[in-house]
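Dear colleague,

I am handing over the structure we spoke about, together with some notes on its side-chain contacts. Please read them with the model open beside you.

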Amino acid sequence: MSSTRKNNDDPWSSSDEDDDSDDENVELDAETPFYSICSYCHTDAPKFDTLALALEHDVTNYGFDLMGSSALLLSSNNEDDFFEGAIVLINKCRQFVKDNQAKFSGIELGRELNNYLKDHKVDDDGDAKYYKPVLDDDSMLMCIDELCELKRQTEQESQADASIVGSNKSEPESDDMEQLRAKISLLEEQLSRAKGCIAALANDDGDDNSMSDDSRSGDDGDKKQASLKQRNKKPDNDTYYFSSYSHTGIHETMLRDTVRTAAYEEAILSNADSLFRDKIVLDIGCGTGVLSLFCAKAGAKQVIAVDNSDIIKQAREIVELNGYSHIVTCVRGKCEDLIANSALPLDGKTVDIIVSEWMGYALFFETMLPSVMVARDALMTPATGNMFPNVAKIFIEGCNEMERLDYWNDVHGLNMTPMKERMVSELTQDAHVEIVSDENIVTDRKEIITFDLNTCKDADLDFEVPFELHLRDNDLSRNEVQIHSLVISFDIGFAVPNTKCVQFSTGCQSTPTHWKQTQLWIDPVHNCPVLNRETGDSMKGIFRMKRNVKNHRAIDMSVVWEVGRDAGSGWERISDGVLKRSLMA
């Protein structure tokens, strides 16, 4: 293999990445964090990435539900403007907390704030002063439309709950339902008006100089500036990732993956005495809480279950239903933020074990491991703490699918070979996640890299490693064998010293899992590697994996390969090529 390669042949170089540099020079306003209503006055006030997380913090820690209060104060039939009512409500709450933080704390503060709001309606005299922000750059005031959407969802959930028990309601209660529907209709109209205002703002040129002094002053100016700030907020690449785990289907798929779930169960319960009894465990990405419950059954004295999707609600109910709420505490939030804000119920303690099912397709798709590593470095007990699992390995092997290609030669007596090239064009665009039959594997399965999860660093997750593949002996009838694709899979090990070792594999030779295998197709029509058994040919190469530039949860893979044989004078190269494939989130 040539030891030098020009820049334009580098599989990592692309015009797309060069173009990104221009985009990165366009800086938007820095995103302002959200502060909860009840804790914003604290010296080390916790910061949140989303409005929903800030509201959840108030509910969990103070028993104060802003959405409940807004349903009481903002759904009045006399209310003409949701935006104005919300601004008044938020600033009124913040002013009360500011004035009373020395008197009350925790649940008591939330109770007193609830009582205060019951006695001070939005339409009381003197509310004009609450149009001025109590907290500078208050992100809640910049996201009133999001608050309106959350409120609409809350109203719809209440309506759905009411309909479930509607058959048991008396006539007066059905009248309440009619009022609720009317309120929802009113809110939807207000949301529509709000979206219209935002759309109008979006058509403005955004130049501050185009606004008169009068337009910049007063309530209207403040609202416009808030809307402009909201419009300039940077998109969050994590939003789709976390919201996808709110769907039941993905959790059902993972739980029904018996290879995965049974391996975790065996690894935890069979090491109850050696690892888990009387230990503190952190479960990152807990989902339904199944791993946390395994840890509780294994005798852990405290389990903290963390997830940043709303599945955490069901996890709490499942924990309670199974009688482990005295051991397992469910916390919603992004792990890095919870750690930075000291929002985990550890009281200064470290954790003995970090349990997580962070693996994605080709091991690193979705890029969850860095979050787990942040927790490891910040919270895990030095020297004696353990990641569980603690070992991950990536493998590569060669695949031949001649039957799939030859299918188009004769389809019910018809020649459809033009479809073959079309199919190949589609297969070579990106990486594909499929169950690959072991019958189609024609080379040995080679381990290319191993990660010690107790010690690996973030930089290690973008890597390049050599590999060499040889033909298997499972089909000696073929002397020359084409390699149509390279198949990537991984093995996971629970192999803490002095404990029972448990492992599972996602390779083609093992029971299929929901991770399947990741297939990197080589062009079988125009440049297909061919290995000759008699001459002892092998396929050598460099495999590279790294996080995608535009979306860190996607991964890019590249292979520089060549086929050759060991001749008397050294390595004799027969063919070579480069492929680039991505798994996009």
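D377 counts as exposed, since its relative accessibility is 56%, and in this predicted model D377 forms a salt bridge with R376 in which the closest N and O atoms are 2.9 Å apart. R376, by contrast, counts as buried, at 3% relative accessibility.

That contact belongs to a set of 24 salt bridges found by a search of the whole structure. Another of them joins the side chains of E397 and R445, at 3.7 Å from N to O. Because E397 lies in strand β6 (residues 391-399) and R445 in the loop between β7 (432-434) and β8, this pair ties together parts that are 48 residues apart in sequence. E397 is buried, with a relative accessible area of 0%, while R445 counts as partly exposed at 22% relative accessibility. The two also belong to a network of salt bridges that links E397, R445 and D491. A further salt bridge is formed by D444 with K446, whose closest N and O atoms are 3.5 Å apart, and K446 counts as partly exposed, with 28% relative accessibility.

Turning to the aromatic side chains, the structure holds twelve aromatic pairs. One of them is formed by F364 and F451, which meet edge-to-face, with 5.1 Å from centre to centre and 75° between the planes. This pair links distant parts of the chain, 87 residues apart, as F364 is in the loop between β4 (353-356) and α18 (369-379) and F451 is in strand β8 (residues 446-452). Both F364 and F451 are buried.

The rings of F463 and F543 also pair, but here the centres are 6.1 Å apart and the planes stand at 40°, so the pair is tilted. Distant parts of the chain are again linked, with F463 in strand β9 (residues 463-469) and F543 in strand β15 (residues 538-547), 80 residues apart. F463 counts as buried at 8% relative accessibility, and F543 counts as buried at 0%. Ring pairs link these four residues and W358 into a cluster, which thus holds W358, F364, F451, F463 and F543.

Finally, there are contacts between charges and rings to look at. The charged end of R94 sits over the ring of Y40, 4.9 Å from its centre, and the charged end of K540 sits over the ring of W571, at 4.0 Å from the centre of that ring.

With best regards

Key:
Residues are numbered from 1 along each chain as its sequence is written. This is a predicted model: local features need pLDDT of at least 70, side-chain atom pairs count only at pLDDT 80 or more; totals for chains, interfaces and linings use all residues. Side-chain values use heavy atoms; hydrogens and water are left out. Rings of Phe, Tyr and Trp (its six-membered ring) pair if their centres lie within 6.5 Å; planes under 30 degrees apart count as stacked, over 60 as edge-to-face and the rest as tilted. Helices (H or I, at least four residues) and strands (E, at least two) are DSSP runs, numbered from the N terminus. Buried means under 20% relative accessible area, exposed over 50%, partly exposed in between (1.4 Å probe, protein chains only). A charge sits over a ring if NZ of Lys or CZ of Arg is within 6 Å of the ring centre and within 35 degrees of the ring normal. A salt bridge is a side-chain nitrogen of Lys or Arg within 4 Å of a carboxyl oxygen of Asp or Glu.
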